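Here's a relaxed walk through one protein chain, going from the overall picture down to a single stretch of it. Have the structure open and follow along.

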Amino acid sequence: MKIIFDRAKVASVISPLMATAVNRSTLPAVEGILIEAKFPNTVILTTYDLEKGMRTSIEAQVVEEGYFVVNAQKFNQTLYVMDSDKITLTVDDRMRATITSGRSTVSMNALDGEDFPAVPSLKSEMGFFIHQKVLRRMLAKTTYAMGTVDQRQVLNGCFVHVEDDSIMIVACDSFKLAKCTRKADIKKGNESDRYISYSFILPVKTVNELYRLLSDDEDAITRIYLMRKHIVFEIGNIVFFSRLIEGEYIDYDRIILNSHKIHVEANKDILLSALERAALITEEKIAGSVRSHVKLNVKDDIIEISAVSTNGSSYDEVKIDHNGDNLLIAFNNRYLMDSIRSCDTEKIKLSISSPLTSMNIEPVGEDDGIEEIYMLLPVRMKE
């Protein structure tokens with residue numbers, strides 16, 4: 001195999017592929033980039049860590065066709081240290097990859113392309129089109145609530161449900177829940193489909209990488225293919241694919257309380273500023289642990305926000321509109337700030353019943369076609 005690349009061009013397409021190349025593995029092929037060179041000028045690049053992967057193609061001068069794997073980290077680093085605008089990659093019969101640029105040469109081992117793990121099918125009859133900005137914005141509002149090491153595997157990611165004209169994303173762990181639904185311009189991937197109705201669970205690492213790949217461009221659209229165990233996203237010139245989490249997601253509507261007796265409306269930014277000042281205390285490491293809770297004392301037309309540690313304290317008062325009894329309750333301050341930040345409106349509504357039951361956080365005056373609710377469990381206060 002012999003390929004002549006434009007150095008800047010190949011470096012730019014390989015950079016995102018590094019997210020799905022393994023640094024160290026007992027299987028050397030997953031540490032590599034699968035390079036498939038086809039006459040006259042097409043090179044397909046693939047990385048795959050057995051859970052998620054990426055594929056893209058680039059134009060280059062293919063002198064000799066081939067199908068080989070080279071170490072991703074070494075190849076990527078070599079591209080950045082070479083000086084010439086052109087890079088020549090050659091793989092010989094002894095499985096030796098040689099990268100030449102100007103008068104510089106770097107050699108490394110290569111593997112036969114057949115050693116690369118089998119990539120799942122990247123096309124399906126099932127799927128849909130959606131604007132990237134819509135999907136990216138909804139992930140931004142919910143991903144903070146995903147589990148990461150929860151024993152219930154289905155919680156270690158995001159649940160997505162797509163209907164004909166709406167999308168819902170839910171994330172939940174043992175302490176917090178985020179649920180967002182919005183109307184969206186969703187197009188059928190297959191014209192023979194009568195309607196769209198799909199549900200799937202994306203793993204946490206897939207969600208994080210997908211968020212980085214998606215664009216805020218109003219016109220950018222991603223096509224999504226669904227298989228029984230995998231999902232594929234076409235994002236620009238990158239094909240991103242991943243395993244799905246198998247299993248049935250929790251009954252999230254059942255655990256969201258809708259009968260709260262105490263309701264508070266507050267200015268989002270003012271409340272958030274007070275919590276950020278409390279974070280100077282709650283984020284402080286004390287004796288090997290982090291004191292992370294903040295107290296909210298709902299009293300008539302104010303919320304008293306306080307935090308105490310061995311090295312200091314904070315206190316704020318925020319004016320509110322309040323219906324119901326007075327109440328003292330405590331929360332993990334980081335979780336509380338994340339939930340409030342997910343609301344885009346000027347005012348938010350807090351719904352509570354007791355110091356031991358969950359609190360609902362909702363935006364006030366949300367646009368039509370958008371429904372959001374964030375739920376947070378309190379922490380027990382020490383006497």
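Two strands are taken as paired if DSSP finds at least two bridges between them. With that in hand, Met 168 in strand 12 stands opposite Thr 181 in strand 13. Keep in mind that this is a predicted model.

**The chain as a whole**

Let's step back for a moment. The chain has seven helices and 29 strands. Its C-alpha atoms fill a box of roughly 80 × 60 × 35 Å along the principal axes. Of the 383 residues, 51% count as buried. The accessible surface comes to about 19,000 Å², and carbon and sulfur atoms own 46% of that.

How far apart in sequence are the residues that touch? Taking contacts between residues at least 6 apart, 67% join residues at least 24 apart. As for charge, the chain carries 46 positive and 56 negative charges, and their mean positions are 4 Å apart.

**Strand 12 and its neighbours**

Now zoom in on strand 12, residues 166-172. Seven of its seven residues are buried, so the strand is largely enclosed by the rest of the structure. Which residues cover each side? In a regular strand, side chains alternate between the two faces of the sheet. Here, Ser 166, Met 168, Val 170 and Cys 172 sit on one side, with Ile 167, Ile 169 and Ala 171 on the other, and all of them are buried.

Strand 12 has partners on both ends of its sequence run, strand 11 (residues 157-162) and strand 13 (residues 176-183). Here is how the two pairings look:

| Pair | Direction | Bridges |
|---|---|---|
| Strand 11 and strand 12 | antiparallel | four bridges |
| Strand 12 and strand 13 | antiparallel | seven bridges |

What links these strands along the chain? Strands 11 and 12 form a hairpin with three residues between them, and another hairpin takes strand 12 to strand 13, again through three residues. On the strand 11 side, Phe 159 stands opposite Val 170 of strand 12. Val 170 is on the side of strand 12 that also holds Met 168, the residue facing Thr 181 in strand 13.

**A helix to compare**

Finally, a look at helix 3, residues 132-142. Is it mostly covered or mostly open? It is mostly covered, with eight of its 11 residues buried. The buried set mixes several kinds of side chain: Gln 132, Val 134, Leu 135, Arg 136, Met 138, Leu 139, Lys 141 and Thr 142.

Methods
Residues are numbered from 1 along each chain as its sequence is written. This is a predicted model: local features need pLDDT of at least 70, side-chain atom pairs count only at pLDDT 80 or more; totals for chains, interfaces and linings use all residues. Side-chain values use heavy atoms; hydrogens and water are left out. Buried means under 20% relative accessible area, exposed over 50%, partly exposed in between (1.4 Å probe, protein chains only). Helices (H or I, at least four residues) and strands (E, at least two) are DSSP runs, numbered from the N terminus. Contact means heavy atoms within 4.5 Å. Accessible areas come from the Shrake-Rupley method with a 1.4 Å probe; for residues, only the protein chains shown count as cover. Lys and Arg count as positive and Asp and Glu as negative; His and the chain ends are not counted. The place of a charge is taken as NZ of Lys, CZ of Arg, CG of Asp or CD of Glu.
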